[in-house]
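User: I am new to this structure. Please walk me through a few of its strands and helices.

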Amino acid sequence: MTSRHGRTESAVSATADTAPLTPRRRTVVKAAAAGAALAGPLAVAPAARAARSAPAFLHGVASGDPLPDGVLLWTRVTPVPEAVPGSGIGPDTEVSWTVARDRAFTDVVARGTVLATAASDHTVKADIRGLRPATDYWFRFSADGADSPVARTRTAPAADAAVTGLRFGVVSCANWEAGHFAAYRHLAARGDLDAWLHLGDYVYEYGTGEYGARDQVVRPHSPAHEIVTLADYRLRHATYKTDPDLQALHATAPVVAIWDDHEFANDTWSGGAENHTGGAEGAWTARQAAAKQAYFEWMPVRPAVEGTTYRRLRFGKLADLSLLDLRSFRSQQVSLGDGEVDDPDRTLTGRAQLDWLKAGLSASDTTWRLVGTSVMISPFALGALPASLLKPLAKLLGLPQEGLALNTDQWDGYTDDRRELLAHLRANAIRNTVFLTGDIHMAWANDVPVNAGTYPLSPSAATEFVVTSVTSDNLDDIVKVSEGTVSALASPLIRAANRHVHWVDTDRHGYGVLDVTAERAQMDYYVLSDRTAADATSRWVRSYRTRSGTQKAERTYDPV
């Protein structure tokens, strides 16, 4: 087979030799200028270097963005102990990778080498091609005699394959300081995932104690201050990737990830963020560039459009998955009640991305059209909530605590984009569109009405499944009451004001499992016993599905 060359921004990239050939040196892709500025020479005499510790793979291994013929592999090597993430120091280190059809590596199908440098924070990516569709593979990295952990990945089905079923883990909003990542551990233990979707807020930018668990820090992160520079973002990503449960999930199945605001700063928009102070924290353009560079270095993501995370993956004839970037192009959030949420000159997606999404939905010939969106598309009115609930809900959503019914950081703040997209679905009779969403730290099952004000007389254009947070605060945490207390009161009131909402759980942490067949797409919702416990248990609580052709969600009483 022939070898191909893949290239990604801000990280070293390699190509696959898709046969068990002798490893060859690959072209090194240098990081962006910001990374190069941090890099420093490390002169080590040969004898002294020989006496040092062997390279180590302290941050695990991962794969992502599966294709029918390939997958993106990732790791970070620590060549010498002082080459800590974000330090900008450490020698260039040749890293080899091996892909096999079996865990014992007796049937090797691809191998190659790549150079890890300080300019890319010693992260490496290998964009492997020439693999078989819908096939499990095992891979590992090696450097100077040291081997990484062995991990499993899986390619996507062939584009024209008649796929009987797909299963994805679905997560979002994992705040390191708020607890442990047991949700990842339970997803990893399943062993039945084709891939897992991370819908944003993979890391959080705050300083220690600024965004904790009921105002307590379960485990402090690094650095302790709010992250602003490239070195800061690199170290924060590195801290997250030391978590054993996150490492376990990355080693079990490929991830498909998009970013939301906290990979940058709270309530990010194209020209700034609520949690960014110009001058004191430098220029927003520099901070945004640093956050993006660190993200592409540390995440197994293949950007289809340079510097963004919007792209599309296909899983046979059963489903395609459109992944959105709702932070890079959006207009600034507006204040509530000023009417600007309906301004057609304001955008959430940007013109190019919205046109790309509409064109892809129209051209799709799969049974299901899945859309990964970091913020909720379904309309949401607060209704007549009592002050005791309105204020904590407003705090969670970043709203004024006195009244009004919108979260302008969601699609509710950019209604012209939403109207255009939903009208497109209706006008072109595009069925079986399912939005998969994170961000809001609650679990929801919604219809997506063309006109929420007249629903259910207005038709539903799609359905939406929203997963709760892995650890980040939700309502019972903010109010500091027992789990279920707030949801028991808030859920019926929210549903009464939003008739398209079938279910909302405001209080619990967990994850979802999306199971897709030709007949239906079903989300099973799981919750954790205690986000602060490393050994937290998991249990199923609810399931909702949308049957093919209906554009509506319905409850089902058993998980898949």
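**Strands, a sheet and a buried aspartate**

Analyst: Start with one strand pair in this predicted model. S2 and strand S3 (residues 70–76) pair in the antiparallel sense, over five bridges.

User: How many residues lie between S2 and S3 in their hairpin?
Analyst: Strand S2 covers residues 61–67. Leu-67 has Gly-70 as its bridge partner in S3. The number of residues between the two strands of the hairpin is two.

User: Which strands are the edges of the seven-stranded open sheet?
Analyst: The order is S15-S16-S17-S18-S20-S19-S21, with mixed pairing. An edge strand pairs on one side only; the edges are S15 (311–315) and S21 (501–505).

User: In S18, which residue is the bridge partner of Val-371?
Analyst: Strand S17 (residues 368–373) runs parallel to strand S18 (residues 433–437), and five bridges join them. Within S18, the partner of Val-371 is Phe-435.

User: Is Asp-320 buried or exposed?
Analyst: Asp-320 sits in strand S16 (residues 319–323). Its relative accessible area is 6%. Buried means under 20%, so Asp-320 is buried.

User: With which side chain does the side chain of Asp-320 make a polar contact?
Analyst: Asp-320 touches several residues beyond four places in sequence, including Arg-314, Ser-364 and Trp-368. One side-chain pair makes a polar contact at 2.7 Å, and the partner of Asp-320 there is Ser-364.

User: At about what angle does helix H7 run to S15?
Analyst: Helix H7 spans residues 351–363 and lies across S15, S16 and S17. Its angle to S15 is about 15°.

Conventions. Residues are numbered from 1 along each chain as its sequence is written. This is a predicted model: local features need pLDDT of at least 70, side-chain atom pairs count only at pLDDT 80 or more; totals for chains, interfaces and linings use all residues. Side-chain values use heavy atoms; hydrogens and water are left out. Helices (H or I, at least four residues) and strands (E, at least two) are DSSP runs, numbered from the N terminus. Buried means under 20% relative accessible area, exposed over 50%, partly exposed in between (1.4 Å probe, protein chains only). Contact means heavy atoms within 4.5 Å. A polar contact is a pair of N or O atoms within 3.5 Å; within protein, one must be able to donate a hydrogen and the other to accept it, and residues adjacent in sequence count only if both atoms are side-chain atoms. Two strands pair if DSSP finds at least two bridges between them. Axes are lines fitted to C-alpha atoms, for helices over the stretch in contact, and angles run from 0 to 180 degrees between N-to-C directions.
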